[in-house]
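Here's a quick briefing on how this fold is put together. Have a look at the model, then come back for the strands and the core.

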Amino acid sequence: MKPDLNQLDLVVRDMDATIAFYRALGVDIPEAAIWKTPTGVHHVDVTMPGGFIVHFDSAALAKVYNRGWREPSGTGTRAVLSFKVAAREDVDRIHGKLTGLGRRSSQPPFDAFWGARYAIVEDPDGNHIGIMSASDPARRTA
């Protein structure tokens, strides 16, 4: 079997803030997906509509399944976790909702050269979260 990327695990600092952010983005996170223990929430298991799995894990849990895990130092990110939305207007609406909740925008909504409406906001851990409409070939530019 060839490798098939099917899951992303994000280690987060503040689970409550993370859950609130992704719910505000529009991700369906049912209560049953949240693993609550006497010491707090350590894991959230979300299956996206397309079947891709996203996990949010606490640092305590990450240290259990990854002996080499260390708290990142410095700033910045090297990846963008992108979410497709149904309409161009949704990019602006969701971006406004998330920035209205205090999240930083690293790229305000704009009409991208590839024909999509696109924006990037930062989640509570500084991960870059893309919001993108479908590409419209009539809106592509050089």
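Two strands count as paired if DSSP finds at least two bridges between them. Helices (H or I, at least four residues) and strands (E, at least two) are DSSP runs, numbered from the N terminus. This is a predicted model, where local features need pLDDT of at least 70, side-chain atom pairs count only at pLDDT 80 or more, and totals for chains, interfaces and linings use all residues. Residues are numbered from 1 along each chain as its sequence is written, and side-chain values use heavy atoms, with hydrogens and water left out.

**The hairpin**
- Strand 6 (residues 105-111) and strand 7 (residues 117-122) run antiparallel, joined by 4 bridges.
- Gln107 sits opposite Ile120 of strand 7.
- There are 5 residues between the two strands of this hairpin, and Gly115 in the turn has a positive phi of about 100 degrees.

**The open sheet**
- Four strands make up an open sheet, in the order 1-4-3-2 with mixed pairing.
- Strand 1 (7-12) and strand 2 (34-37) are at the edges with a single partner strand each, so one side of each has no neighbour in the sheet.
- Strand 2 pairs with strand 3 (residues 40-47) in the antiparallel sense over 4 bridges, and Ile34 has Val44 as its bridge partner in strand 3.

**The core**
- The largest nonpolar core (buried Ala, Val, Leu, Ile, Met, Phe, Trp, Tyr and Cys joined through side-chain atoms within 4.5 Å; buried means under 20% relative accessible area, 1.4 Å probe, protein chains only) has 27 residues.
- Helix 1 (15-25) gives the largest share of this core, 6 residues.
- Ile29, among the residues with the most contacts inside the core, is in contact (heavy atoms within 4.5 Å) with Ile34, Val44 and Phe56, among others, leaving aside neighbours within four places in sequence.

Notes: Buried means under 20% relative accessible area, exposed over 50%, partly exposed in between (1.4 Å probe, protein chains only).
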